[in-house]
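Let's take a walk through a protein model together. Keep the sequence beside you and turn the structure as you read.

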Amino acid sequence: MSIDHVGHAELVKFAIDKVNLPRDKADKFRAQARNLREKLKGYLKEHPDFALRKMLLSGSLAKGTGLRTLNDIDVACYISGSDVPSDIDDLMEYLAERLRKAFPNFKPEQVQPKTYCVTVSFAGTGLDVDIVPILYDGDPDWYGNLVNQDDGSFLRTCVPRHLEFIRKRKSLAEKDFAQVIRLAKYWVRKEKRERDNFRFKSFMVEMILSKMLDDGQDFSDYPEALQAFFSYIANSGMNERIVFDDYYLKSKAEVFGTPIEIIDPVNEENNVSQLYTQAQADDIVDAALDAGDAIDAALRCPTKQDTIRHWQRVFGSAFQG
Ligand SMILES: Nc1ncnc2c1ncn2[C@@H]1O[C@H](COP(=O)(O)OP(=O)(O)OP(=O)(O)O)[C@@H](O)[C@H]1O
Ligand SMILES: [Mg+2]
């Protein structure tokens with residue numbers, strides 16, 4: 001049986017060699033973000049009325065779900081005050097200008113407003129840090145209006161609770177939950193390369209896998225867990241509503257009527273997949289059907305070479321068994 005050719009152990013090795021962000025790099029990037037956070041803290045001590053209230057590492061680097069190909073460090077920045085512009089371009093200028101004040105040892109051109117975030121680039125080594133604004137009105141749980149990186153709209157959400165949500169599930173399935181997320185995101189990257197206009201937001205992948213974990217899916221065998229992920233997508237057609245009860249009653253969650261409905265686990269009024277069309281849902285289902293077939297074929301395949309070829313349909317040519 002070809003589980004002998006490629007099984008859990010081979011996927012573990014592939015993940016370490018090709019998929020995961022190595023620990024030393026992650027530590028370095030986290031230190032880079034911490035450095036900015038500490039600088040802002042220092043500035044706030046001297047200027048307690050400053051509009052920038054707090055910076056928080058968010059995104060995959062904070063959740064431990066980052067890929068080797070990570071290309072930016074996501075940091076959320078809470079902004080409050082009566083003179084904060086609501087126009088998105090003005091807001092980015094405003095944020096950049098305040099960041100330049102808080103980080104006087106950075107050259108002004110190292111702090112650049114982009115469409116929906118402000119980029120701080122480090123001279124020499126390191127990745128850029130993308131600073132995403134959250135308009136903040138003093139909520140004690142740190143809810144605020146996050147600028148959606150897809151379209152610049154404002155989303156009411158809570159990044160610290162998102163981190164807590166994932167952390168809680170990571171503690172239930174140890175390293176396996178985060179590892180299956182990373183393998184699934186690696187598959188998404190490959191689909192994005194091969195299919196025009198393919199979209200599948202990392203946060204949505206995480207919510208689907210969270211739902212599967214909550215429903216009792218075992219994550220300890222990676223071929224099996226991935227097969228379950230692709231089956232879930234194929235069987236649900238991406239049209240099954242996903243809602244959690246960590247922070248509100250499921251019955252309170254709005255029904256949005258969009259093709260994909262994955263409700264933000266921290267805000268029942270926010271549909272994370274609001275912008276996805278039926279055609280985009282269908283593309284995800286098609287891709288998952290292909291990947292599921294490939295794994296089925298791999299698990300039945302008599303020769304090692306063909307088994308690897310089937311797995312390459314899931315992960316691309318970087319997969320060498
Ligand atoms: N539609 C949304 N509603 C609420 N929060 C969101 C939404 N999209 C993103 N977020 C927040 O932004 C964070 C980053 O999400 P995103 O999908 O960009 O990916 P990521 O985890 O950084 O993965 P990667 O950058 O590796 O693809 C999420 O963990 C969540 O806190
Ligand atoms: Mg990110």
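What follows is a short tour of this predicted model, from its domains down to single residues.

## Two domains

Start with the overall layout. The domain assignment splits the protein chain into domain 1, made of 2–15 + 161–315, and domain 2, covering 21–158. If you take the centres over C-alpha atoms, domain 1 and domain 2 sit 28 Å apart.

How many residues of domain 1 are in contact with domain 2? The count is 20 residues of domain 1, and they meet 18 residues of domain 2. The size of an interface is often given as the accessible area lost when the parts come together. Here domain 1 and domain 2 bury about 1,600 Å² between them, with 51% of it on carbon and sulfur atoms. On the domain 1 side, the residues that lose the most area to domain 2 are Arg161, Leu163 and Arg182, which together make up 31% of what that side buries.

## Helix H7

Now zoom in on H7, helix 222–236. H7 has 15 residues, and the distance from its first C-alpha to its last is 21 Å, close to the 21 Å expected at 1.5 Å a residue.

Is H7 mostly covered or mostly open? Mostly covered: 11 of its 15 residues are buried. Among them are the aromatic names you can pick out in the sequence: Tyr222, Phe229, Phe230 and Tyr232. Pro223, Gln227 and Ser236 are on the buried list too. The buried residues of H7 pack against helix H1 (8–19), H5, helix H6 (202–214), H8 and H9.

Both ends of H7 deserve a look. At the N-terminal end, Asp221 acts as a cap, with a side-chain oxygen 3.0 Å from the backbone nitrogen of Glu224. After H7 comes Gly237, whose phi is positive, near 60°.

## Helix H8

Next up is H8, which runs over residues 278–300. What span should its 23 residues have at 1.5 Å a residue? The expected value is 33 Å, and the end C-alpha atoms are 33 Å apart, so the two agree.

The buried residues of H8 include Ala281, Ala287, Ala288, Ala291, Ala294, Ala297 and Ala298. Gln280, Ile284, Val285, Gly292 and Ile295 are buried in H8 as well. As for partners, the buried residues of H8 pack against helix H5 (159–194), helix H7 (222–236) and helix H9 (304–315).

## A covered lysine

Try finding Lys63, which belongs to helix H3 (residues 59–63). Is Lys63 buried or exposed? With a relative accessible area of 12%, Lys63 is buried. Setting aside residues up to four places away in sequence, Lys63 touches Leu163, Ile166, Lys170, Phe203 and Glu206.

## Cysteines without a bond

A disulfide is a covalent bond between the sulfur atoms of two cysteines. How many disulfides does a search of the whole structure find? It finds 0. Why is there no bond for Cys77? The closest cysteine sulfur, in Cys117, is 12 Å from the sulfur of Cys77, so it is too far for a bond. Cys158 is in no disulfide either, and the nearest cysteine sulfur, that of Cys77, is 16 Å away.

What about solvent? Cys77 counts as buried, at 0% relative accessibility. Cys158 is buried too, with a relative accessible area of 0%.

## Positive phi outside glycine

Two more residues have a backbone angle to check. Glu174, which is found in helix H5, has a positive phi near 40° even though it is a residue other than glycine. At 60% relative accessibility, Glu174 counts as exposed.

Asn197 is not a glycine, yet it has a positive phi of about 60°. Where is Asn197 found? Look in the loop between H5 and H6. Asn197 counts as exposed, because its relative accessibility is 65%.

## A loop stop at Asp128

Finish at Asp128, in the loop between strand S4 (118–120) and strand S5 (129–135). At 31% relative accessibility, Asp128 counts as partly exposed. Leaving aside neighbours within four places in sequence, Asp128 is in contact with Asp72, Ile73, Thr119, Val120 and Ser121. Along the chain, Asp128 and Val111 are 17 residues apart, and 9.9 Å separates their C-alpha atoms.

Terms used:
Residues numbered from 1 in each chain as written. Chains lettered and ligands numbered in written order. Predicted model: local features only at pLDDT ≥ 70, side-chain atom pairs only at ≥ 80, totals over all residues. Heavy atoms only, no water. Helix = DSSP H or I, 4+ residues; strand = E, 2+ residues; numbered from the N terminus. Expected span 1.5 Å × (residues − 1). Buried < 20%, exposed > 50% of the residue type's maximum accessible area, 1.4 Å probe, protein only. Contact = heavy atoms within 4.5 Å. Polar contact = N/O pair within 3.5 Å; in protein donor to acceptor, adjacent residues only side chain to side chain. Disulfide = S-S within 2.5 Å. Domains from an automatic or database assignment. Buried area = accessible area lost by both parts, 1.4 Å probe.
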